[in-house]
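Please look through the sequence and the 3D structure shown here. A short briefing on the fold, its helices and some single residues comes after them.

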Amino acid sequence: MAALDSLLLPDDTLLAEAGTSITHLHLIRSGLVALMRDLPDGSRRILRLLKPGDIIGLEGLTGAPQPHRAVALRESALCRVPVGAVQEAADASPAFARRLLDHWRTALERADMVILDFGHGSARQRVARLLLFLAAPSDGRCATFRRGDMAAVLDLAPETVSRVLTGFQRGGILVKRDPNHFQADRAALRAEAELP
């Protein structure tokens, strides 16, 4: 397979525009990338959140154009490889092709999560579910991002997101470490999210 190129994107950096040709797949090594669409009223809706280990541009393997705008929400390190090199590797290795399909399945599950988990329930439930998604399972460290972007994921007003985050801090569910970095009480967030 072709050598990987490395990219480091500052936060709020456009990686790909919707409708453009996909020439490379991008593997997220660190950070957080959103796939979004602009709405007719001028707002934007975040349809998927991609974390380390996720791949951007799998649609390029079918020749389809980029379906969404891809933007780094936090500083993100990526590896990129030409689509042709990935197709050759998939043709040569059924195991590699299966791993790509697993990545595609994960991408679809993440899209469902935005619709099902982040798109219904009270504001507290929605914010708690997003924080659980963002928090490290091992120690509860949680790096958030701009409130307007969080609101675009949750289909809430930015002021509502800020109000809920402040309430979680007052209740001890979140302890602020520095801007946009918290220590989260995962058990309390699960209770707020009404998850088993």
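The points below go from the whole chain to one helix, and then to three residues.

This is a predicted model, in which local features need pLDDT of at least 70 and side-chain atom pairs count only at pLDDT 80 or more, while totals for chains, interfaces and linings use all residues. Residues are numbered from 1 along each chain as its sequence is written, and side-chain values use heavy atoms, with hydrogens and water left out.

**Whole protein**

- The protein has 6 helices and 9 strands; helices (H or I, at least four residues) and strands (E, at least two) are DSSP runs, numbered from the N terminus.
- Its radius of gyration is 18 Å, close to the 16 Å that the globule rule gives for 196 residues, so the protein is as compact as a globular protein of that length. The radius is taken over C-alpha atoms, and the rule is 2.2 Å times the number of residues to the power 0.38.
- Taken along the principal axes, the C-alpha atoms fill a box of roughly 55 × 40 × 30 Å.
- Of the 196 residues, 43% count as buried. Buried means under 20% relative accessible area, exposed over 50%, and partly exposed in between (1.4 Å probe, protein chains only).
- The protein exposes about 9900 Å², and carbon and sulfur atoms supply 54% of this area. Accessible areas come from the Shrake-Rupley method with a 1.4 Å probe; for residues, only the protein chains shown count as cover.
- Among contacts between residues at least 6 apart in sequence, 69% join residues at least 24 apart. Contact means heavy atoms within 4.5 Å.

**Helix α4**

- Helix α4 spans residues 147-154, and 6 of its 8 residues are buried, so it is largely enclosed by the rest of the structure.
- The buried residues are D149, M150, A151, A152, V153 and L154.
- These buried residues pack against two strands, β4 (44-50) and β6 (69-82), and against the helices α2 (94-116), α3 (123-134) and α5 (158-170).
- After α4 comes D155, whose phi is positive, near 55°.

**Where α3 meets α4**

- The axes of α3 and α4 come within 10 Å and cross at roughly 105°. Axes are lines fitted to C-alpha atoms, for helices over the stretch in contact, and angles run from 0 to 180 degrees between N-to-C directions.
- This crossing makes α3 roughly perpendicular to α4. Angles of 65 to 115 degrees count as roughly perpendicular, under 35 as roughly parallel, over 145 as roughly antiparallel and the rest as oblique.
- R126, V127, L130 and L131 of α3 make the contact with M150, V153 and L154 of α4.
- By class, this contact has 6 nonpolar, no polar and 1 charged residues. Ala, Val, Leu, Ile, Met, Phe, Trp, Tyr, Cys and Pro count as nonpolar, Asp, Glu, Lys and Arg as charged, and the others, Gly among them, as polar.

**Three buried residues**

- V164 lies in helix α5 and is buried, with a relative accessible area of 7%. Beyond its neighbours within four places in sequence, V164 is in contact with A123, R124 and V127.
- The C-alpha atoms of V164 and R126 are separated by 9.7 Å, although the two residues are 38 apart along the chain.
- H26 is found in strand β3 (residues 24-38) and is buried at a relative accessible area of 10%. Not counting residues up to four places away in sequence, H26 touches L7, L15, D54, I55, I56, L78, C79 and R80.
- H68 sits in the loop between β5 (55-56) and β6, and counts as buried at 10% relative accessibility. Leaving aside neighbours within four places in sequence, the contacts of H68 include A16, L35 and L47.
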